[in-house]
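Me: I have the sequence and the coordinates open, and I would like a close look at a single part instead of a tour of everything. Please choose a residue that many others gather around, and walk me through its surroundings, one step at a time.

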Amino acid sequence: MRHSQFWALLEDEFGSANAGVIASSLELPGLKATAQEALSAGIDARVIWQAVCDLHDIPTERRLGKDKAPRDTDTF
């Protein structure tokens, strides 16, 4: 998972106003670091996202992010 995907998932779940606060201030059990610290340390973003989901009891059906409408490819 790319860092950009991690941030998109975090913002989808918690909103853009809260995503940064959660990433920088909430220590993730098992990683003993905040999400921001873990990203900076080179820990895989997927592992960090899983830890965030586990900590906040995010249901499985929401862990892949919001469904996005398909892009209109018929326009030129």
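Reply: Happy to. One term comes up throughout: two residues are in contact when heavy atoms of theirs lie within 4.5 Å. Please also keep in mind that this is a predicted model.

Let us start from tryptophan 49. Which residues does Trp49 touch, leaving out those up to four places away in sequence? They are Met1, Phe6, Leu9, Leu10, Glu13, Ile58 and Arg63. Three of these, Phe6, Ile58 and Arg63, will guide the rest of this reply.

Phenylalanine 6 is a good place to begin. Its ring and that of Trp49 form an aromatic pair, with 6.3 Å from centre to centre and 80° between the planes, an edge-to-face arrangement. Why does this pair matter for how the chain is tied together? Phe6 belongs to helix H1 and Trp49 to helix H4, so the pair links parts that are 43 residues apart in sequence. Both of these residues are buried.

Phe6 has another aromatic partner. With tryptophan 7 it makes an edge-to-face pair too, at 5.5 Å between centres and again 80° between planes. The structure holds two aromatic pairs, and Phe6, Trp7 and Trp49 make up one aromatic cluster. Is each member of the Phe6–Trp7 pair buried or exposed? Phe6 counts as buried because its relative accessibility is 0%, which is under the 20% limit. Trp7 reaches 24% and is therefore partly exposed, as that value falls between the limits of 20% and 50%.

Now let us widen the view to the core. The largest nonpolar core has 18 residues, and Phe6, Leu10, Ile48 and Trp49 are the ones with the most contacts inside it. Four helices each supply at least two of its residues: H1 (3–14), H2 (16–25), H3 (35–40) and H4 (45–55). H4 gives the largest share, namely six residues. In H4 the buried residues are Ala45, Ile48, Trp49, Ala51, Val52 and Cys53. Among the elements that cover these buried residues are H1, strand E1 (27–28) and H3.

What follows H4? Next comes aspartate 57, with a positive phi near 50°. Asp57 is not a glycine, although its phi is positive. With a relative accessible area of 66%, Asp57 is exposed, because the limit for that label is over 50%.

The segment after H4 also holds isoleucine 58, and here we come back to the neighbours of Trp49. Ile58 has a relative accessibility of 3%, so it counts as buried. Beyond four places in sequence, Ile58 touches Glu13, Phe14, Trp49, Val52, Cys53 and Arg63. Glu13 is one of the contacts of Trp49 as well. As a handle on the geometry, Ile58 and Asp12 are 46 residues apart in sequence, with 12 Å between their C-alpha atoms.

The last of our three guides is arginine 63, which sits in the segment after H4 too. Is Arg63 buried or exposed? At a relative accessible area of 19% it is buried, since the limit is under 20%. Its contacts beyond four places in sequence are Leu9, Trp49, Gln50, Cys53, Asp54 and Ile58. A polar atom of the Arg63 side chain lies 3.5 Å from the backbone oxygen of Cys53. Cys53 is itself one of the buried residues of H4.

Leucine 64, also in the segment after H4, gives a contrast. Leu64 is exposed, because its relative accessibility is 76%. Its C-alpha is 9.9 Å from that of Glu13, with their positions 51 residues apart in sequence.

To put the picture back together: Trp49 touches Phe6, Ile58 and Arg63. Phe6 brings in H1 through the ring pair, whereas Ile58 and Arg63 bring in the segment after H4.

Note on methods
Residues numbered from 1 in each chain as written. Predicted model: local features only at pLDDT ≥ 70, side-chain atom pairs only at ≥ 80, totals over all residues. Heavy atoms only, no water. Core = buried A, V, L, I, M, F, W, Y, C linked by side-chain atoms within 4.5 Å. Buried < 20%, exposed > 50% of the residue type's maximum accessible area, 1.4 Å probe, protein only. Phe/Tyr/Trp six-rings, centres within 6.5 Å; stacked < 30°, edge-to-face > 60°. Polar contact = N/O pair within 3.5 Å; in protein donor to acceptor, adjacent residues only side chain to side chain.
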